[in-house]
Amino acid sequence: MDSVVVSFISMFACAFVVLAICLIRTIKKRQAVAPKVRLLIIVNIVSVVIQAALLFAEDVQTALMLHTFYLVCICGIRYVALKIAVEVTKYEITNIKIFYFVDAIIALDVLLVLSNIFTQSLFTTQKVMIGNWYYFTTVVQPLATLHNIVSCGFLMLIAFIIIYKLAGLSPAYYGKYIILLASFTIAVVVNLLYKFLNYAVDISVLGYTVSVVMAYLVLLENKQKALIDKMLSRIVLKTDDIIVFLDIEGECVFVNDVAKSFFGVKDDYSLVIKQISKMFKLENFDSERLEYSTLCTMSDKGEQKHYDIVYKKLYR
């Protein structure tokens with residue numbers, strides 16, 4: 001096997017392993033955006049597998065189908081990325097009905113891509129040599145311009161949503177969205193390199209992999225520790241009161257030692273809100289509200305204790 005092909009297989013294998021690890025770790029994540037991130041990783045894994053399979057395509061028709069399905073996966077990655085962008089900016093964009101139109105456009109674009117198997121109106125395949133190895137690369141056809149316009153429109157929309165969110169935030173929250181924007185930029189740059197440098201093998205899948213992994217880390221693994229350090233003080237750490245902090249998405253990111261003992265949690269804070277509702281029987285408790293206050297009574301070892309719960313989001 002040619003050394004160049006071995007290099008590509010190694011890169012695709014590394015991408016697959018990293019994505020698989022991220023996918024496994026998403027299973028225990030309870031953030032609202034976790035299912036979409038999980039779907040994004042799955043689609044990215046499929047695209048990596050397809051690119052690896054293309055190295056071993058034996059005829060034009062097989063290569064044409066694999067290239068077509070790969071392009072469908074890329075459409076899927078962009079679509080899920082857009083949904084994630086909408087999800088993480090939900091406090092800014094409240095009217096999401098306009099995205100139904102976007103859904104229709106992506107559906108039509110996918111149908112256009114799939115029709116290429118029969119019409120070859122977007123691209124055809126051509127046999128080329130990579131070292132001592134034959135590979136079926138794509139040859140772009142005129143109708144591909146329409147698909148590229150749709151793709152660029154999606155990329156610009158995602159960038160606009162993230163930048164729009166940044167423009168309305170306090171600098172304390174910049175880090176998360178700047179990383180998301182950087183991950184998005186990496187995917188775009190690698191895709192442009194592939195197109196303008198005219199590589200035979202589509203290396204853009206590696207850019208998408210880096211982008212997806214960065215999005216996973218910042219959305220599901222990052223607990224905004226730097227922000228927490230700024231918010232906390234010695235009073236919060238030493239107080240006898242129960243202190244719970246939520247991030248901008250309403251996820252619990254910090255509880256003090258008193259709260260850990262009271263709610264019976266250690267490092268997984270995802271159940272704290274449910275615990276509050278269950279233990280105090282707060283039927284109207286809603287973590288989406290900006291401010292909440294109530295008096296409640298709870299039985300502790302046969303003794304009735306009274307609690308004053310004050311809940312308030314501090315951002316904005």
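In this predicted model, strands β1 (residues 123-130) and β2 (residues 133-140) run antiparallel and are joined by eight bridges. Across the pair, Q126 of β1 faces T137 of β2. The two strands make a hairpin with just two residues between them. One residue of the turn, G131, has a positive phi of about 65°.

A little before the hairpin sits another residue with a positive phi. Q120, found in the loop between α4 (99-119) and β1, has a phi of about 55° even though it is not a glycine. That is worth a second look, because most residues other than glycine have a negative phi. As for its surroundings, Q120 counts as partly exposed because its relative accessible area is 33%, which falls between the 20% and 50% cut-offs.

Stepping back to the whole chain, there are eleven helices and six strands. Of the 316 residues, 44% count as buried. Contacts across the sequence are well represented too: among those between residues at least 6 apart, 59% join residues at least 24 apart.

Much of the helix packing described here involves α7. Helix α1 (residues 3-26) and helix α7 (residues 204-221) have axes that come within 10 Å and cross at roughly 20°, so α1 is roughly parallel to α7. The crossing of this pair is left-handed. On the α1 side, the contact is made by M11, F12, A15, V18, L19, C22, R25 and T26, and on the α7 side by V205, L206, T209, V212, V213, Y216, L220 and E221. Sorted by class, the residues of this contact come out as twelve nonpolar, two polar and two charged.

Helix α2 (residues 34-54) also packs on α7, at an angle of about 160° and with the axes 10 Å apart. With that angle, α2 is roughly antiparallel to α7. Here too the crossing is left-handed. From α2, the residues making the contact are A34, V37, L40, I41, N44, S47, V48 and Q51; from α7, they are V205, Y208, T209, V212, Y216, L219 and L220. This contact holds eleven nonpolar and four polar residues, with no charged ones.

A third pair brings in the helix that precedes the loop of Q120. Helices α4 and α5 (residues 144-167) pack at about 145°, their axes 10 Å apart, and cross in a left-handed way. The α4 residues involved are F99, V102, I105, I106, D109, L112 and V113, while α5 supplies L146, H147, V150, F154, L157 and I161. By class, eleven residues of the contact are nonpolar, one is polar and one is charged.

Finally, there is L180, which lies in helix α6 (residues 174-196). L180 is classed as buried because its relative accessible area is 9%, under the 20% cut-off. Apart from neighbours within four places in sequence, L180 is in contact with V88, I162, A215, V218 and L219. One of these, L219, also appears on the α7 side of the contact with α2. The C-alpha atoms of L180 and V212 are separated by 9.5 Å, with the two residues 32 apart along the chain.

Methods: Residues numbered from 1 in each chain as written. Predicted model: local features only at pLDDT ≥ 70, side-chain atom pairs only at ≥ 80, totals over all residues. Heavy atoms only, no water. Axes fitted to C-alpha atoms, helices over the stretch in contact; angles between N-to-C directions. Helix = DSSP H or I, 4+ residues; strand = E, 2+ residues; numbered from the N terminus. Parallel < 35°, antiparallel > 145°, perpendicular 65-115°, else oblique. Left-handed = near helix turned anticlockwise from the far one by under 90°. Contact = heavy atoms within 4.5 Å. Nonpolar A, V, L, I, M, F, W, Y, C, P; charged D, E, K, R; others polar. Pairing = 2+ DSSP bridges. Buried < 20%, exposed > 50% of the residue type's maximum accessible area, 1.4 Å probe, protein only.
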